[in-house]
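Reader: I have a new structure in front of me. Please show me how to read it, one feature at a time.

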Amino acid sequence: MTTRAGFTALIGEPNAGKSTLLNKMVGAKVSIVTHKVQTTRARIRGVAMAGESQIVFVDTPGLFRPRRRLDRAMVAAAWGGAADADVIVLLIEAHRGKTDGVDTILTSLGEKAVGRRVVLAINKIDRVEAASLLKLTEDMNAAYPFERTFMISAEKGYGVEDLRDWLAEAMPEGPWLYPEDQIADLPMRMIAAEITREKLTLRLHEELPYQLTVETEHWNEREDGTARIDQVVYVARDGHKGILLGKGGETIKAVSKAARAELEEFMGRRVHLFLQVKVRPNWLEEAERYSEMGLDFRDGN
Ligand SMILES: Nc1nc2c(ncn2[C@@H]2O[C@H](COP(=O)(O)OP(=O)(O)OP(=O)(O)O)[C@@H](O)[C@H]2O)c(=O)[nH]1
């Protein structure tokens, strides 16, 4: 039996349902779904197994309309993720149709997706009449030559299996990228990082540095049934480090406490959480580099 493995990028406007779809396909709660727009900052990956095929998902940050310089870098980074992928899935919302935001993405697809396989997934079909889907499919395919169009409801699960099976076939032949026994662990590490990120957001609000990432570096199961989780919060500047630590470390302590409480509830057991804040200015450079390669929205969009 030939194995297959490759990368699939999910792109779409904020709230299109990328996280929901990812969670359905991967079969675990990978990224935390919220009603808030622009929650997915990190390029969170999930891995789905389908038959002999391994599909690694790159859940790009929402391709929202960037106003600030760093926003633009974020969007460019999202496109960077897409450009590396074997397949790009553009997710749109059935009830919102071909919005200005979707048009912007279509234009960029024309430039960036050269040589990639690109499919369209019309999501949230549970919210519209079937008749309207035909027109939307026509309009979208007139604007971009999608290889396939899928009608899905990520939330209800309609059509998700078809899409996953198609992706499984579309992955290039080759050995798996992740050992099968590590896949189960991967989502938990991401969830843990997302939880910490969420607590940082709640605590710092507008003060939250944009260029911030949380990574779960170590995950150790202890004999007494508890887990030790070590995470690093990466920021771009020394000044940001101070904001995260707070006076006498009180901010990071409060965040750590809140994150631990939620992790314990989620996992149903005791957790020892260790947070470290480190400066990694490269992230910024990387984003700037992507920005140079990427979109430019300076014309007031
Ligand atoms: N009715 C309906 N709602 C859906 C469907 N899929 C997702 N949603 C809802 O749409 C909202 C946004 O979904 P997310 O998965 O967070 O969207 P996202 O694209 O990851 O959003 P960002 O993280 O902002 O990029 C949530 O409230 C979901 O419950 C669907 O098939 N039908």
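Author: Start with the sheet, and keep in mind that this is a predicted model. Three strands make an open sheet, ordered β7-β8-β9, with mixed pairing.

Reader: Why is one side of β7 and of β9 left without a neighbour in the sheet?

Author: Each has a single partner strand, because β7 and β9 stand at the edges. From one strand to the next, the twist averages 20°.

Reader: How do strands of a sheet pair in general?

Author: They pair through backbone hydrogen bonds, either parallel or antiparallel. Now take the case here. Strand β7 covers residues 213–221 and strand β8 residues 227–235. The two run antiparallel, joined by eight bridges. One pair to find is Glu215 with its bridge partner Val232 in β8.

Reader: What do β7 and β8 form, and how many residues lie between them?

Author: They form a hairpin, with five residues between the strands. Look at Gly225 in the turn: its phi is positive, about 90°.

Reader: How many bridges join β8 to β9, and do they run parallel or antiparallel?

Author: Nine bridges, and the strands run parallel. Strand β9 spans residues 271–279. Val233 stands opposite Val277 in β9. Val235 has Val279 of β9 as its bridge partner.

Reader: Which helix packs on the sheet?

Author: Helix α8, residues 238–245. Helix α8 touches β8 and β9. Its direction makes about 150° with that of β9.

Reader: Let me try a single residue. Is Ala130 buried or exposed?

Author: Count the C-beta atoms around it. The cut-off for exposed is 12 or fewer within 10 Å. Ala130 has 9 others within 10 Å, so Ala130 is exposed. Ala130 is found in helix α4, residues 130–143. Now compare sequence with space: Ala130 and Ala94 are 36 residues apart in sequence, and their C-alpha atoms are 9.8 Å apart.

Reader: Where is confidence lowest, and where is it highest?

Author: Begin with the whole chain. Its mean pLDDT is 79, and 75% of its residues reach 70 or more. Confidence is lowest in helix α10, residues 282–293, at a mean of 51. Strand β6, residues 149–151, has the highest, at 98.

Reader: Which stretches have pLDDT below 50?

Author: Among them are residues 28–42, where pLDDT stays under 50. The model has 38 contacts for that stretch beyond four places in sequence. Residues 64–70 are also below 50, with twelve contacts beyond near neighbours in sequence.

Reader: What scores does the predictor give the complex?

Author: An ipTM of 0.97 and a pTM of 0.64.

Terms used
Residues are numbered from 1 along each chain as its sequence is written. This is a predicted model: local features need pLDDT of at least 70, side-chain atom pairs count only at pLDDT 80 or more; totals for chains, interfaces and linings use all residues. Two strands pair if DSSP finds at least two bridges between them. Helices (H or I, at least four residues) and strands (E, at least two) are DSSP runs, numbered from the N terminus. A residue is buried if 20 or more other C-beta atoms lie within 10 Å of its own, exposed if 12 or fewer, and partly exposed in between; C-beta atoms are placed from the backbone. pLDDT is the predictor's confidence in each residue, from 0 to 100. Two residues are in contact if their C-beta atoms, placed from the backbone, lie within 7 Å. Axes are lines fitted to C-alpha atoms, for helices over the stretch in contact, and angles run from 0 to 180 degrees between N-to-C directions.
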